[in-house]
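The following report walks through the model shown below, beginning with a single loop residue and moving outward to the pocket, the sheets and the charged pairs.

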Amino acid sequence: MKKLRFILLEDSPSDSELIFRELRSSGAQFECQQTCERGVFEQMLGMGSWDLIISDFNMPSFSAFDALSIVKSRGLDIPLVVVSGVVGDETAAALIKGGAVGFVAKDNLGRLPTLITCEIGRREIEATLLQKEKELKEAQQIAHVGSWSWNAKTDTNIVSDELLAIFGQRCPPFQDQKGTMYPPESWERLNSAVQRAVQTGVGYALDLVALRGDGSNFWITTRGETVHDSEGVMIGLRGTVQDITERKVAEQALHKAREEAEKANRTKDLFLATVSHDLKNPLAAIELCSNLGIRAHKRGEGTPELSL
C-alpha cells in the first residue's frame, strides 16, 4: 500500500500513540496531522488531499457525527473510520449510515490496519474501474460504437450512453423496438438472429437500416453474443451497435460510380462498333475498284470506269 496520508481526530495522546503503534506494526507508512479542535480540522481539510480520517467518537469540541457532517458539507469524498470505546449497536449503525466506513473499538485496534487496507484497496479498484469506464465511453464516442447487455433472468437491458446518442432516443424493450428503433424488415432480421443465438449459442453480425429519434434512417452494424455462467448456462446476451452510415454512403457512391463507368464503357464500345461498320462499307468499294483496275491493266484493257 502507498504511503497513507490521514487526519487523526483524537484528544488522548496515549490513545493516539496506540493507533500509531498499531499502524507501524502492520508495516504501514503514513503521514498524519492530528487535532481535536473543530476549527483546526476544517483548516486541515483544505491542506491538500487526504486518504483517510480516523476519528474518536466524542471529543470536547465536536464528535464523529460532526466530522462526517463537515466532510459531507464540503463535498469531499474522504473515508472516515471511527475508533472509540464501547458504543451501542444503534450508535455504531447510525455512524455507518451517516457515512463512516467502519467502526473499531479501542480494545481491538488490531482490526484497524486491515480495515484501512481493505477500504483504500476498494477505493483504488473503484478509481481504476471508473477510469476504464471513462476510457471506454470516450472510445465508443470516437468510434460511434454503443454497447448493450440483456439479463435473461430479469429480462432487463442495460445500454451505454453512446448507444442512446447513436439512436437519438430512449431504448425500449426489444419487442417495442419494431417501428421505433428499426423498420419492420430490419427488426425481423434482427429478431431472427437473436432467437438463433439464444437457441444455438452462435453470435451474429448484421448490417441493418435503423431509425433515429427524429424518424430518419441510418445504417448500423450490430453484433451480439451469448453470455454464460460458470456452469455453461446461458444467462443473457451482450453486444455492440456501430453507426456505419458514412461507410454505407461511400459504398453506395462507389457502386454508383462503377455502374456509370460500366455504362460509359458500353456506350463507347457501341459507338466504336458503329463507326467501324460505317467505315468498312466505303473501304470495301474502294478495294473492289482497285482490284478491278489492276486486273484490267494486266489484260491490256485499260482502266474501267466505275461510279461509286
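In this predicted model, Gln175 is placed in the loop between α6 and α7. Gln175 has a relative accessible area of 54%, and because exposed means over 50%, this residue counts as exposed. Along the chain Gln175 and Trp187 are twelve residues apart, and their C-alpha atoms are separated by 9.0 Å.

**The largest pocket**

The largest pocket holds about 510 Å³ of space. Its lining is made up of 26 residues, and those that lie nearest its centre are Trp148, Trp150, Asn157, Phe174 and Gln177. Two or more lining residues are given by each of β6 (145-151), β7 (156-159), α6 (161-167), α7 (184-200) and β10 (234-243). Of the elements in the lining, α7 provides the largest share, with six residues.

**The antiparallel sheet**

Strands β6, β7 and β10 also belong to an open sheet of five strands, which has the order β7-β6-β10-β9-β8 and antiparallel pairing. The edges of this sheet are formed by β7 and β8, and since each has a single partner strand, one side of each is left without a neighbour in the sheet. From one strand to the next, the twist averages 25 degrees. Within the sheet, β6 and β10 run antiparallel and are joined by seven bridges; Asn151 stands opposite Gly236 in β10. Helix α7 packs on the sheet, where it touches β8, β9 (217-228) and β10, and its direction makes about 150 degrees with that of β8.

**The parallel sheet**

How are the strands of the other sheet ordered, and is their pairing parallel or antiparallel? This open sheet of five strands follows the order β2-β1-β3-β4-β5, and its pairing is parallel. Strands β2 (30-35) and β5 (102-105) stand at the edges, and because each has a single partner strand, one side of each is left without a neighbour in the sheet. The twist averages 20 degrees from one strand to the next.

The pairings of β1 and β3 can be followed strand by strand. Strand β1 (residues 4-9) runs parallel to β2 and is joined to it by six bridges, with Leu8 standing opposite Gln34 in β2. Four bridges join β1 to β3, again in parallel, and here Phe6 stands opposite Leu52 in β3. Strand β3 in turn runs parallel to β4, to which three bridges join it, and Ile54 has Val81 in β4 as its bridge partner.

Where do the side chains of β3 point, and are they buried or exposed? Leu52 and Ile54 point one way from the strand, whereas Ile53 and Ser55 point the other way, and all are buried. Helix α3 (residues 64-73) lies across β1, β3 (52-55) and β4 (80-84), and runs at about 170 degrees to β4.

**Salt bridges**

The whole structure contains 15 salt bridges. Three of the pairs are set out below.

| Pair | Closest N to O distance |
|---|---|
| Lys106 and Asp15 | 2.6 Å |
| Arg122 and Glu119 | 2.7 Å |
| Arg247 and Asp207 | 3.1 Å |

Lys106 and Asp15 form a salt bridge that links distant parts of the chain: Lys106 lies in the loop between β5 and α5 (111-143) and Asp15 in helix α1 (residues 13-25), 91 residues apart. Lys106 is partly exposed, with a relative accessible area of 24%.

The salt bridge between Arg122 and Glu119 stays within a single element, as both residues lie in helix α5, three residues apart, about one turn of the helix. Arg122 counts as partly exposed at 35% relative accessibility, whereas Glu119 is buried, with a relative accessible area of 7%.

The side chains of Arg247 and Asp207 also meet in a salt bridge. Arg247 lies in helix α8 (residues 245-299) and Asp207 in strand β8 (residues 204-211), so this pair ties together parts that are 40 residues apart in sequence. Arg247 is partly exposed, at a relative accessible area of 40%, and Asp207 is likewise partly exposed, at 25%. Apart from such pairs, salt bridges that share partners join Asp77, Glu119, Arg122, Arg123 and Glu126 into one network.

Methods. Residues are numbered from 1 along each chain as its sequence is written. This is a predicted model: local features need pLDDT of at least 70, side-chain atom pairs count only at pLDDT 80 or more; totals for chains, interfaces and linings use all residues. Side-chain values use heavy atoms; hydrogens and water are left out. Two strands pair if DSSP finds at least two bridges between them. Axes are lines fitted to C-alpha atoms, for helices over the stretch in contact, and angles run from 0 to 180 degrees between N-to-C directions. Contact means heavy atoms within 4.5 Å. A salt bridge is a side-chain nitrogen of Lys or Arg within 4 Å of a carboxyl oxygen of Asp or Glu. Buried means under 20% relative accessible area, exposed over 50%, partly exposed in between (1.4 Å probe, protein chains only). On a 1 Å grid over the protein atoms alone, a cavity is a set of points where a 1.4 Å probe fits but cannot get out, and a pocket is an open set with protein on both sides within 12 Å along at least five of seven lines; lining residues have an atom within 4 Å of a point. Grid points are joined across faces, edges and corners, and a volume is the space filled by probe spheres set on the points.
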